[in-house]
Amino acid sequence: MSEKILIVDDEKEIVDLIEVYLKNDGYSVNKFSNGAEALTFAQSNEVDLAILDVMLPDIDGFHICQKIRESYTYPIIMLTAKDEETDKITGLTLGADDYITKPFKPLELLARVKSQLRRYKKYNSPQCEEKEKNVIEHSGLVMNIKTHQCTLNEKAVVLTPTEFSILRILLENKGDVVSAEELFHSIWKDEYYSKANNTITVHIRHLREKLNDTLDDPKFIKTIWGVGYKIEI
């Protein structure tokens with residue numbers, strides 16, 4: 001069965017172009033030009049990935065992202081016409097997994113979609129290999145790789161696929177420093193990384209908030225300035 005992609009953008013040419021590329025690659029597409037209809041669909045239908053424009057005529061993409069994250073963990077990619085760090089940070093903070101700035105190359109967006117779905121399916125597949133360690137525990141933090149669930153002191157912690165991946169990598173490398181670049185390539189594989197890219201930084205900050213962690217006195221994620229991040233043994 002083909003994955004179901006939700007697209008919302010008020011620019012018809014962009015939506016139609018994205019639809020063509022996604023359908024040519026075998027995806028099922030549901031497209032909308034306003035946020036209210038897209039949100040209604042997302043809350044009552046099966047979706048595997050959402051592509052949300054930030055600027056919409058009614059409710060913006062940030063609000064849709066936030067509402068989706070209240071119930072679902074599937075990947076979200078934000079589209080923004082502004083090349084501003086604040087928009088990117090806002091989207092990532094609200095639970096988006098990636099963002100792409102307009103104008104963009106359709107093949108680049110398609111690559112991002114494939115990358116996000118590949119990672120999401122990998123960490124949410126019920127058919128994990130038996131030899132894989134399914135549960136990671138550390139100081140009251142428990143991650144179940146098989147069910148994609150995380151708890152802290154027996155209370156549920158809702159993580160996006162990207163946040164889950166970052167935390168898993170850090171826990172699996174407990175005691176060792178993992179650079180932002182290593183995290184980036186582990187999650188997005190061969191996609192371009194720039195030293196100016198603060199995607200990982202934003203996700204780390206969001207993880208800390210969810211784990212009630214602090215930068216100055218970390219219980220879990222420690223920043224090694226100029227090197228990367230680590231979780232102490």
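## A nonpolar patch on the surface

Let's start on the outside of the protein, where Leu-17, Val-20, Tyr-21 and Leu-107 together make a nonpolar surface patch of about 360 Å². Helix α1, spanning residues 12-24, is the main contributor to this patch, supplying three residues. Leu-107 belongs to helix α5, which covers residues 106-124. With a relative accessible area of 58%, Leu-107 counts as exposed, because that value lies over the 50% cut-off.

## The model as a whole

Please keep in mind that this is a predicted model. Its protein chain has an average pLDDT of 87, and 89% of the residues reach a score of at least 70. One stretch deserves some care: across residues 127-132 pLDDT stays under 50, and the model has five contacts for this stretch beyond four places in sequence. Where pLDDT is low, the predicted coordinates should not be read in detail.

The chain contains eight helices and 11 strands. Of its 233 residues, 49% are buried. The protein chain exposes about 11,800 Å², and 50% of that area comes from carbon and sulfur atoms. Looking at contacts between residues at least 6 apart in sequence, 59% connect residues at least 24 apart.

## Two buried loop residues

Two loop residues are worth a visit. Val-54 sits in the loop that links β3 (49-53) to α3 (61-69). Its relative accessibility is 3%, so Val-54 counts as buried. Leaving out neighbours within four places in sequence, the contacts of Val-54 are Asp-60, Gly-61, Phe-62, Met-78, Leu-79 and Thr-80. Of these partners, take Leu-79: Val-54 and Leu-79 are 25 residues apart in sequence, and their C-alpha atoms are 6.0 Å apart in space.

Thr-160 is found in the loop between β9 (155-156) and α6 (161-172). This threonine is buried, since its relative accessible area is 1% and the cut-off is under 20%. Setting aside residues up to four places away in sequence, Thr-160 touches Arg-69, Gly-95, Asp-97, His-148 and Lys-210.

## A four-stranded open sheet

Strand β9, which precedes the loop holding Thr-160, is also part of a sheet. Four strands form this open sheet, in the order β6-β7-β8-β9, with antiparallel pairing. Its edge strands are β6 (135-138) and β9, each of which pairs on one side only.

At the β9 end, two bridges connect this strand with β8 (residues 149-152), and the two run antiparallel. Leu-152 has Lys-155 in β9 as its bridge partner.

## The hairpin of β10 and β11

Our last stop is a hairpin. Strand β10 (residues 221-224) and strand β11 (residues 228-231) run antiparallel and are joined by four bridges. Three residues lie between the strands of this hairpin, where Gly-226 adopts a positive phi near 80°.

The side chains alternate along β10: those of Ile-221 and Thr-223 point to one face and are buried, whereas those of Lys-222 and Ile-224 point to the other and are not. Lys-222 also takes part in the strand pairing, with Lys-230 as its bridge partner in β11.

Conventions:
Residues numbered from 1 in each chain as written. Heavy atoms only, no water. pLDDT = per-residue confidence, 0-100. Contact = heavy atoms within 4.5 Å. Patch = residues over 30% accessible without salt bridge, like charges linked within 9 Å, V, L, I, M, F, W, Y side chains within 5 Å. Areas by Shrake-Rupley, 256 points an atom, 1.4 Å probe, with all protein chains shown as cover. Salt bridge = Lys/Arg side-chain N within 4 Å of Asp/Glu carboxyl O. Buried < 20%, exposed > 50% of the residue type's maximum accessible area, 1.4 Å probe, protein only. Pairing = 2+ DSSP bridges.
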